[in-house]
Amino acid sequence: MAKTLEKHLENVDSELASLILKLSSVAKVISDELPYRRGKADTENVFGEVQLVADKWADQYITNELRESGMVKTLVSEEQPEIVKLNETGTFNITLDPLDGSSNIESNNSVGIIIGIYKKDLPAQGKDMVAAMFILYGSVISLVYAVPNNVSEFINTKRGFVLRAENIKIPEPGILYGVGGLKREWLPEFKKYIEELEKDGQKLRYGGSFVGDMNQILHYGGIFAYPELVTKPNGKLRLLVESNTMAYVIKQAGGASSTGKGSILEVKPESITQRVPTYIGNKELIEKLETALK
Ligand code: AHG
Ligand code: MN
Ligand code: MN
């Protein structure tokens, strides 16, 4: 029988294991509540995006659960304008996208949760992360966690989260690409790069949720981008709560990330709301991209 998440976490530092387990149960509650937390809230987040009831509820629920756990010192969330202090004695600092891909809720496409785990004070560089995880609400609920050089995936069953794959490595050669942003706003060099991938037989698949779009790259290989745009030089995705976390997961699976100029994980954050052009995927495709954008 497949190993449970709990059993698998016996190989990980015990405090980190408790945190990941806590977040796994939080994720199941959120899934149960989503049918009842629908529609728009009449507020905007710090990024000027209209918040959904589900965005705000998930954010508050996770924040409260983490506060009560005592394990977390501070939290940076997409839905909160400042760093939130939780427990002075907590071991971890967390970056959180409490509900990623929330524009997919209306059409019932995939959404998820993105969590970066640090011991350093935030804002820190992505390379300082000690672990990362994401939850994907797809045909089943899956949970992926990454620690140095090891990425494991679990799916939710009647026995709880059970192991689906461990030591996941991004397949070579990659077969997909997924790119966000208006195509007419992509830089000409980037357009040309994508045309070359198409010529090589890579297929377009873009779903509009970063968790879903990255999980398919993890499983099939290829490249995801929310690129530099003509009117938005930093693209859309947020360095702390989105890009760094996925860049970390893919790195541990043997892939790479870039801002167009170097690894996302090396960016020194200037603020918790900083956005960054985001390119993540197979190493070779990232190298080719950096050459194309030079
Ligand atoms: P969020 O729902 O947390 O605000 O994130 C949305 C992000 C991400 O999930 C996705 O990659 C991208 O924005 C989708 O943007 P477009 O709607 O522009 O494709
Ligand atoms: Mn998001
Ligand atoms: Mn979000």
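Domain bounds here come from an automatic or database domain assignment. Keep in mind that this is a predicted model.

**Exercise 1. Work out which parts of the protein build the shell around ligand 1.**

Solution.
- Start with the head count: 17 residues surround ligand 1, and the closest are Asp100, Gly101, Ser102, Tyr206 and Tyr226.
- Next, go up to the domain level. Domain 1 (5–165) and domain 2 (176–293) each give the shell at least three residues.
- Now zoom in on the strands. At least two shell residues come from strand S5 (92–100), and at least two from strand S13 (222–226).
- Which of the elements gives the largest share? That's S5, with 3 residues.
- Finally, sort the shell by class: you get 7 charged, 6 nonpolar and 4 polar residues.

**Exercise 2. Find side chains that make polar contacts with oxygen atoms of ligand 1, then say how much of the ligand is covered.**

Solution.
- Set the cut-off first: a pair of N or O atoms has to be within 3.5 Å.
- Try Tyr206: an N or O atom of its side chain sits 2.6 Å from a ligand oxygen, so the pair passes.
- Move on to Glu78, where the side-chain N or O atom is 3.1 Å from an oxygen of ligand 1.
- Then check Arg238, which comes in at 3.2 Å, again from a side-chain N or O atom to a ligand oxygen.
- With the contacts in hand, turn to area. Ligand 1 on its own exposes 470 Å², and the protein buries 83% of that.
- Where does ligand 1 sit? The space it takes is the largest pocket.

**Exercise 3. Track down the unusual backbone spots and place each one in its loop.**

Solution.
- Look at omega from Leu122 to Pro123: it is near 0°, and the peptide bond is cis. Pro123 belongs to the loop that links strand S6 (111–118) with strand S7 (129–137).
- Do the same for Glu172 to Pro173, another cis peptide bond, with omega near -10°. Pro173 falls in the loop between strand S10 (160–165) and strand S11 (176–179).
- Switch to phi. Asn108 isn't a glycine, yet its phi is positive, at about 55°. You'll find Asn108 in the loop between S5 and S6.

Note on methods:
Residues are numbered from 1 along each chain as its sequence is written. Chains are lettered from A and ligands numbered from 1 in the order in which they are written. This is a predicted model: local features need pLDDT of at least 70, side-chain atom pairs count only at pLDDT 80 or more; totals for chains, interfaces and linings use all residues. Side-chain values use heavy atoms; hydrogens and water are left out. A residue is near a molecule or strand if one of its heavy atoms lies within 4 Å of it. A polar contact is a pair of N or O atoms within 3.5 Å; within protein, one must be able to donate a hydrogen and the other to accept it, and residues adjacent in sequence count only if both atoms are side-chain atoms. Accessible areas come from the Shrake-Rupley method with a 1.4 Å probe; for residues, only the protein chains shown count as cover. On a 1 Å grid over the protein atoms alone, a cavity is a set of points where a 1.4 Å probe fits but cannot get out, and a pocket is an open set with protein on both sides within 12 Å along at least five of seven lines; lining residues have an atom within 4 Å of a point. A molecule sits in a cavity or pocket if more than half of its atoms lie within 2 Å of its grid points. Helices (H or I, at least four residues) and strands (E, at least two) are DSSP runs, numbered from the N terminus. Ala, Val, Leu, Ile, Met, Phe, Trp, Tyr, Cys and Pro count as nonpolar, Asp, Glu, Lys and Arg as charged, and the others, Gly among them, as polar.
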